[in-house]
Amino acid sequence: MENNTIISNELEQMRSQISLLKDKLEKQNIINEKHIRKSITSKMSDISRTILISIVAGVFALVYCTWFFWHQGLSTLFVAGTAVMLIICIGLTIYQQIRLRSIDFSKDNLVRTAELLNRIKKHYRQWQWVAIPVVVLWIMWLIYEMVSTLGTETYVIGFCCGALVGGIIGGIIGLRVNRKVIRKTSEILEQIEELQNGE
């Protein structure tokens, strides 16, 4: 009888310890999930801020380039083509911002969030393959316009060299922004997978 009581007490202690361990694990999982969700929210804000800066820069470029090229007497076709190119870029960037803002991580399910983020990531991956050739062609057209309209004066050659250097620097900045968005969306998708596996 005494043996049964000892065994019963030991079993009760084990049950109690197992129950405490389960409680600790559940609390740890909740803390981990909260930490991951907070990290995801922070990264999404970072992406949103990066895209917003791109939109502001695009609007500035649209206004300034249209005014400057028109003031220099470049062809209407070139000025209009530049404006259309910039409007398309700004429009697509705004669309990505709207997509990102439509994600409510606190309410949306993880599958929908991952789908939307994958679309944004795909857009930025494909964008560089379109943007680079378009910018190269545009810079060539700009140089042709400047030389054919204003001749080969020293300031025109200087402007053309500046346009080339500016195009290279702008391209590098654009690619870095692009890669940042791709990297951040990849990190968020990995964290979403962690949450899904933990559920």
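Q: What's in the largest nonpolar core, and which residues have the most contacts inside it?
A: That core has 37 residues, and the ones with the most contacts inside it are Phe69, Leu100, Leu117, Trp138, Leu142, Ile188 and Ile192. A nonpolar core here is a set of buried Ala, Val, Leu, Ile, Met, Phe, Trp, Tyr and Cys residues joined through side-chain atoms within 4.5 Å. Buried means under 20% relative accessible area, exposed is over 50%, and partly exposed is in between (1.4 Å probe, protein chains only).

Q: Which elements give two or more residues to this core?
A: Helix H1 (2-71), helix H2 (76-101), H3 and helix H4 (154-198) do.

Q: And which one gives the most?
A: H3 does, with ten residues. Helices are DSSP runs (H or I, at least four residues), strands are E runs of at least two, and the numbering starts from the N terminus.

Q: What kind of model is this, and how are residues numbered?
A: It's a predicted model: local features need pLDDT of at least 70, side-chain atom pairs count only at pLDDT 80 or more, and totals for chains, interfaces and linings use all residues. Numbering runs from 1 along each chain as its sequence is written, and side-chain values use heavy atoms, with hydrogens and water left out.

Q: Fine. How many helices and strands are there?
A: The protein chain has four helices and zero strands, so the order from the N terminus reads α-α-α-α.

Q: Back to Phe69. What does Phe69 touch, leaving aside neighbours within four places in sequence?
A: Phe69 is in contact with Leu74, Phe78, Val79, Thr82, Trp138, Leu142 and Phe159. Contact is heavy atoms within 4.5 Å. Trp138 and Leu142 also sit on the list of residues with the most contacts inside the core.

Q: How much of the contact set with a separation of 6 or more comes from residues 24 or more positions apart?
A: That share is 78% in the protein chain.

Q: Charges next. How many salt bridges?
A: Six. The rule is a side-chain nitrogen of Lys or Arg within 4 Å of a carboxyl oxygen of Asp or Glu.

Q: Why would those side chains pair up at all?
A: Side chains of opposite charge can pair when their charged atoms come close.

Q: What does Lys43 pair with?
A: Lys43 meets Glu187 in a salt bridge at 3.3 Å, N to O. Lys43 is in helix H1 and Glu187 in helix H4, so this pair links parts of the chain 144 residues apart. Lys43 is buried at 17% relative accessible area, while Glu187 counts as partly exposed at 25%.

Q: Which residues are linked in a network of salt bridges?
A: Asp46, Arg49, Lys180 and Lys184 are. Asp46 and Lys180 meet at 3.6 Å, N to O. Asp46 lies in helix H1 and Lys180 in helix H4, so the pair ties together parts 134 residues apart in sequence. Lys180 counts as partly exposed, at 27% relative accessibility.

Q: And Lys184 with Asp46, what's the distance there?
A: It's 3.3 Å, N to O. That pair links Lys184 in helix H4 to Asp46 in helix H1, 138 residues apart.

Q: Are Lys184 and Asp46 buried or exposed?
A: Both are buried: Lys184 has a relative accessible area of 15%, and Asp46 comes in at 15% too. Not counting residues up to four places away in sequence, Lys184 touches Lys43, Asp46 and Ile47.

Q: What about His123, buried or exposed?
A: His123 counts as buried, at 16% relative accessibility. His123 is found in helix H3, and beyond its neighbours within four places in sequence it is in contact with Leu92 and Gln96.

Q: Switching to cysteines. How many disulfides?
A: Zero. A disulfide would be a pair of cysteine sulfur atoms within 2.5 Å.

Q: Why is there no bond for Cys160?
A: Because the closest cysteine sulfur, in Cys161, is 7.0 Å from the Cys160 sulfur, too far for a bond. Cys160 is buried, with a relative accessible area of 7%, whereas Cys89 is partly exposed at 26%.

Q: Last one: which residues form a nonpolar patch on the surface?
A: Ile132, Val136, Leu137 and Met140 do, with about 390 Å² of accessible area together (Shrake-Rupley method, 1.4 Å probe, only the protein chains shown counting as cover for residues). Patches take residues with over 30% relative accessible area and no salt bridge, with like charges joined within 9 Å and nonpolar side chains (Val, Leu, Ile, Met, Phe, Trp, Tyr) within 5 Å. Met140 lies in helix H3 (residues 110-150) and is exposed at 53%.
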